Amino acid sequence: MSGNIRLLNETLAAARAEERAALIAYLPAGFPTVDGGIEAVKAVLDGGADIVEVGLPHSDPVLDGPVIQTADDIALRGGVRIADVMRTVREAFEATGKPVLVMTYWNPIDRYGVERFTAELAEAGGAGCILPDLPVQESALWREHAEKHGLATVFVVAPSSRDERLATITAAGTGFVYAASLMGVTGTRESVGEQAADLVRRTRATTDLPVCVGLGVSNAVQAAEVASFADGVIVGSAFVKRLLDAGDQAAGIAAVRELAGELARGVKRVS
C-alpha cells in the first residue's frame with residue numbers, strides 16, 4: 001500500500017488556491033492515553049486543522065519545550081509503543097480523510113528498522129514523516145524507503161541555516177519545509193517575530209515546496225501573522241496545554257476542537 005504524500009500535496013495546494021495558509025496541528029500519540037490521544041487528534045482535524053502531525057513520544061525530545069516534554073512523559077509512562085502511533089495515524093486518517101504525518105526523532109526509527117517503519121506508516125494511511133534531528137547527508141536510506149512507500153520527508157530549517165545549507169536541505173525534502181520560527185525549543189511565545197518571515201523568504205528562494213512555520217504560535221492573532229507570509233502554520237504546544245489544563249478527557253477534547261476552530265479562522269488571511 002502506498003502512503004498519502006499525494007493527499008498532503010493536494011491539501012497544501014488547495015489551501016494556497018483558497019489564498020490562505022494551511023493549519024497544521026501537532027499532538028503526541030498516547031497522550032493522555034492512547035484512546036484519548038486518538039480522540040484528540042480527530043478533534044483537531046474536525047475542528048478545522050487541515051493536517052496533523054502525530055508525535056512519537058521520546059525520552060529525550062531535544063526540540064521540544066516543557067509542555068510537550070510533560071505530555072511525552074505521560075505517554076511513555078503509560079506504555080505507548082510505535083504500534084500505538086501507527087494505530088493513531090490509521091484511525092485519524094480513516095475518520096477524517098485528512099493527511100496525517102508522524103513527527104519523530106531518528107533513534108526510534110533506526111532501532112525499529114527503516115523498511116518496517118515506512119511500510120507500516122504507509123499501510124496505516126500516513127502521509128509522511130517530519131525528522132527534526134536526521135542530518136540530510138545521512139538521510140539517503142530513509143528517503144529511499146519513504147519514496148518507495150509514497151511518504152513525504154519533511155526536514156526542519158532554522159534561522160541559523162545559511163542559504164547554501166537551506167538549498168541542500170530543501171533539495172532533499174518532499175511535502176513541505178518545516179521552518180522553525182526561532183532558535184530554541186517548542187512552546188508558546190508572545191510574538192513569533194521577524195526572524196520567521198526572513199527565514200521563509202530565504203527558504204522560498206531555494207525551493208518550490210510549501211514553507212510552513214512552527215514554534216511559538218498559540219492563538220488566532222499569531223496564526224494570522226504567520227499566515228501572512230507562510231504557506232502553513234504549525235501549532236503544537238498550545239493544543240497540548242489545552243489537554244494538560246483540562247479537568248477531564250471530555251473537556252480536553254472540546255478544548256482542542258475549539259482552539260482548532262479559532263486558529264483555522266486565523267489562517268484565513270485577507271487578500
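Here are three short exercises, with worked solutions, on a predicted model.

**Exercise 1: two helices and their directions**

Work out how α11 and α12 are arranged relative to each other, and which residues bring them into contact.

Solution.
- Step 1: Find the helices. α11 covers residues 237-245 and α12 covers residues 249-266.
- Step 2: Look at the axes. They come within 8 Å and cross at roughly 150 degrees.
- Step 3: Turn the angle into a word. Angles over 145 degrees count as roughly antiparallel, so α11 and α12 are roughly antiparallel to each other.
- Step 4: Add the handedness. This crossing is right-handed.
- Step 5: List who touches whom. From α11 we have A238, F239, R242 and L243, and they meet a set of α12 residues including G252, I253, V256, L259 and L263.
- Step 6: Sort the contact residues by class. You should get 9 nonpolar, 1 polar and 3 charged.

**Exercise 2: following K42 across to another helix**

Start at K42 and find out which residues it contacts, leaving aside neighbours within four places in sequence. Then describe how α2 and α4 pack.

Solution.
- Step 1: Place the residue. K42 sits in helix α2, which spans residues 34-47.
- Step 2: Check its contacts. With those sequence neighbours set aside, K42 touches E91, A92, A95 and T96.
- Step 3: Compare chain and space. K42 and F93 are 51 residues apart along the chain, yet 8.4 Å separates their C-alpha atoms.
- Step 4: Zoom out to the helices. The axes of α2 and α4 lie 9 Å apart, at an angle of about 35 degrees, and the crossing is right-handed.
- Step 5: Fill in the contact. On the α2 side, V34, D35, I38, V41, K42, L45 and D46 take part, and on the α4 side D84, R87, T88, E91, A92, A95 and T96 do.
- Step 6: Sort them. The tally is 6 nonpolar, 2 polar and 6 charged.

**Exercise 3: exploring the largest pocket**

Describe the largest pocket: how much space does it hold, which residues are closest to its centre, and which helix gives the most to its lining?

Solution.
- Step 1: Start with the volume. The largest pocket holds about 280 Å³ of space.
- Step 2: Go to the middle. The lining has 13 residues, and the closest to the centre are L56, P57, L76, I82 and P108.
- Step 3: Bring in the helices. α4 (82-96) and α5 (106-112) each supply at least two lining residues, and α5 gives the most, with 4.
- Step 4: Sort the lining by class. It has 8 nonpolar, 3 polar and 2 charged residues.

Notes:
Residues numbered from 1 in each chain as written. Predicted model: local features only at pLDDT ≥ 70, side-chain atom pairs only at ≥ 80, totals over all residues. Heavy atoms only, no water. Axes fitted to C-alpha atoms, helices over the stretch in contact; angles between N-to-C directions. Parallel < 35°, antiparallel > 145°, perpendicular 65-115°, else oblique. Left-handed = near helix turned anticlockwise from the far one by under 90°. Contact = heavy atoms within 4.5 Å. Nonpolar A, V, L, I, M, F, W, Y, C, P; charged D, E, K, R; others polar. 1 Å grid on protein atoms, 1.4 Å probe; cavity = no way out; pocket = protein on both sides within 12 Å on 5 of 7 lines; lining within 4 Å. Points joined across faces, edges and corners; volume = space filled by probe spheres on them.
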